[in-house]
Amino acid sequence: MLIDTNTYTGHWPFRQLRDNTCEAILNRMNAIGADVSVVSNLNGIFYKDTRSANEELYHEIRSSRKFSDRFIPLAVINPIYSGWENDFKVCTGKLGMKGIRLHPQYHGYELTNENCITLVKMARDKGIPVALSLRMVDSRPSSWMDISKEWALKDVLPILKAVPDAKYMILNIANNSQLNVYNKEEMELFRKTDLIMDTSGRMLLNLGDMLKSYGTDKFAFGTHAPILDHITGLLRIEALRAEEASQEVKNLLYYGNAKRILSL
């Protein structure tokens with residue numbers, strides 16, 4: 001089994017994307033042997049009302065029976081937009097979305113924002129994960145209208161400290177420097193928290209070493225497609241040597257850790 005923990009439909013306003021529909025993503029999934037993809041709608045980053053983007057994704061998945069068993073939708077929620085509590089209830093209830101994605105850098109709030117903490121606690125109480133992307137696109141060649149600051153792993157520590165018993169998906173960690181956790185207390189918090197990091201980010205060039213440092217339960221296959229390709233995240237697991245990861249450990253990365261986080 002293979003579960004992709006990090007894919008998107010929708011558009012990116014600063015460059016053209018291909019394979020950014022459920023149909024196109026499904027074709028790519030079939031090509032690499034992926035059974036299931038966790039998906040959210042990129043439009044939710046840029047729409048003022050994120051619920052419209054979540055409804056778009058809901059209707060797209062429902063448009064064909066072949067999508068319903070292959071996609072696990074996550075709702076983009078903006079906790080500083082009016083009515084966000086109701087958005088959460090509708091998206092995780094009526095629309096059946098299995099987690100939430102937060103984009104604080106694009107929506108203009110800090111992870112220490114009171115509403116954000118309340119939202120994460122709501123997700124915790126419902127038993128669903130909270131997804132955070134450290135990088136959406138490489139900031140160096142990006143449009144002057146896009147954000148320029150990329151997150152480091154330490155930037156998610158405030159929400160881990162505020163709600164340590166929630167479940168988290170930390171996605172597209174791009175640089176080795178972003179893995180710095182600065183003291184024993186922070187490292188212990190990171191190890192105790194129920195979270196996964198996906199394999200799409202460039203920092204995972206040394207995945208074998210990362211498994212030793214952070215634990216085999218902290219990583220899962222992810223592509224960040226269609227912004228990134230469908231292959232690289234998988235090759236990082238395939239390339240692990242026998243002394244770095246047994247088949248049992250690889251199975252955790254292919255699907256086991258994702259199933260845990262998503263309660264599948």
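This passage describes the backbone geometry, aromatic pairs, a helix and the enclosed and open spaces of a predicted model.

We may begin with the backbone. Most residues other than glycine have a negative phi, and most peptide bonds are trans. Against that background, a few places in the model invite a second look. A cis peptide bond connects A225 to P226, with omega at about 10°. The proline of this pair, P226, belongs to the loop that runs between β9 (219-220) and α11 (232-238). Two residues that are not glycine have a positive phi. One of them is D19, with phi at about 55°. D19 sits in the loop between β1 (3-9) and α1 (22-32), and its relative accessible area of 37% makes it partly exposed. The other is S263, where phi is again positive, at about 55°. S263 is placed in the segment after α12 (247-262). With a relative accessibility of 52%, S263 counts as exposed, because the cut-off for that class is over 50%.

The helix ahead of S263 deserves a paragraph of its own. For the 16 residues of α12, a rise of 1.5 Å a residue predicts a span of 22 Å, and the end C-alpha atoms are indeed 22 Å apart, so expectation and model agree. The helix nevertheless bends by about 55° at L253. L253 is itself one of the buried residues of α12, a list that also holds V249, K250, Y254, N257, A258, I261 and L262. Directly after the helix comes S263, with its positive phi near 55°. One of the buried residues, I261, can also be related to a distant part of the sequence: V38 and I261 are 223 residues apart in the chain, while their C-alpha atoms are 12 Å apart in space. V38 is located in strand β2 (residues 36-41). A relative accessible area of 1% puts V38 among the buried residues, since the limit for that class is under 20%.

Aromatic side chains come next. A pair of aromatic rings is described by the distance of the centres and the angle of the planes. The structure contains 7 such aromatic pairs. In one of them, W12 and F46 have ring centres 5.0 Å apart and planes at 80°, which makes the pair edge-to-face, as the angle is over 60 degrees. This pair bridges distant parts of the chain, as W12 lies in the loop between β1 and α1, whereas F46 lies in helix α2 (residues 43-46), 34 residues apart. The two partners also fall into separate accessibility classes: W12 is buried at 5%, and F46 is partly exposed at 32%. Another edge-to-face pair is made by F67 and F71, whose ring centres are 5.9 Å apart and whose planes meet at 75°. Both F67 and F71 are buried. Beyond single pairs, W12 and F46 join F14 and Y106 in one aromatic cluster.

Y106 leads on to the empty space inside the model. A search of the whole structure yields 1 cavity of 30 Å³ or more, and the space in the largest cavity is about 130 Å³. The lining of this cavity counts 17 residues, and those nearest its centre are Q105, Y106, R135, M136 and I147. Y106 thus appears both in the aromatic cluster and beside the centre of the cavity. Among the contributors to the lining, helix α6 (residues 104-107) gives the most, with 3 residues. By class, the cavity lining has 8 nonpolar, 5 polar and 4 charged residues.

Open pockets complete the picture. The largest pocket holds about 240 Å³ of space. It is lined by 16 residues, with R15, V137, D138, P141 and S142 closest to the centre. This lining divides into 7 nonpolar, 4 polar and 5 charged residues. The second largest pocket holds about 190 Å³. Its lining includes P104, Q105, G108, Y109, E110, L111 and T112, together with K149, W151, K154, D155 and P158. Here the classes are 5 nonpolar, 3 polar and 4 charged. Q105 is worth a final mention, as it lines the second largest pocket and is also one of the residues nearest the centre of the largest cavity.

Technical notes: Residues are numbered from 1 along each chain as its sequence is written. This is a predicted model: local features need pLDDT of at least 70, side-chain atom pairs count only at pLDDT 80 or more; totals for chains, interfaces and linings use all residues. Side-chain values use heavy atoms; hydrogens and water are left out. Helices (H or I, at least four residues) and strands (E, at least two) are DSSP runs, numbered from the N terminus. Buried means under 20% relative accessible area, exposed over 50%, partly exposed in between (1.4 Å probe, protein chains only). Rings of Phe, Tyr and Trp (its six-membered ring) pair if their centres lie within 6.5 Å; planes under 30 degrees apart count as stacked, over 60 as edge-to-face and the rest as tilted. On a 1 Å grid over the protein atoms alone, a cavity is a set of points where a 1.4 Å probe fits but cannot get out, and a pocket is an open set with protein on both sides within 12 Å along at least five of seven lines; lining residues have an atom within 4 Å of a point. Grid points are joined across faces, edges and corners, and a volume is the space filled by probe spheres set on the points. Ala, Val, Leu, Ile, Met, Phe, Trp, Tyr, Cys and Pro count as nonpolar, Asp, Glu, Lys and Arg as charged, and the others, Gly among them, as polar. The expected span of a helix is 1.5 Å times one less than its number of residues. The bend at a residue is the angle between axes fitted to the seven residues ending there and the seven starting there.
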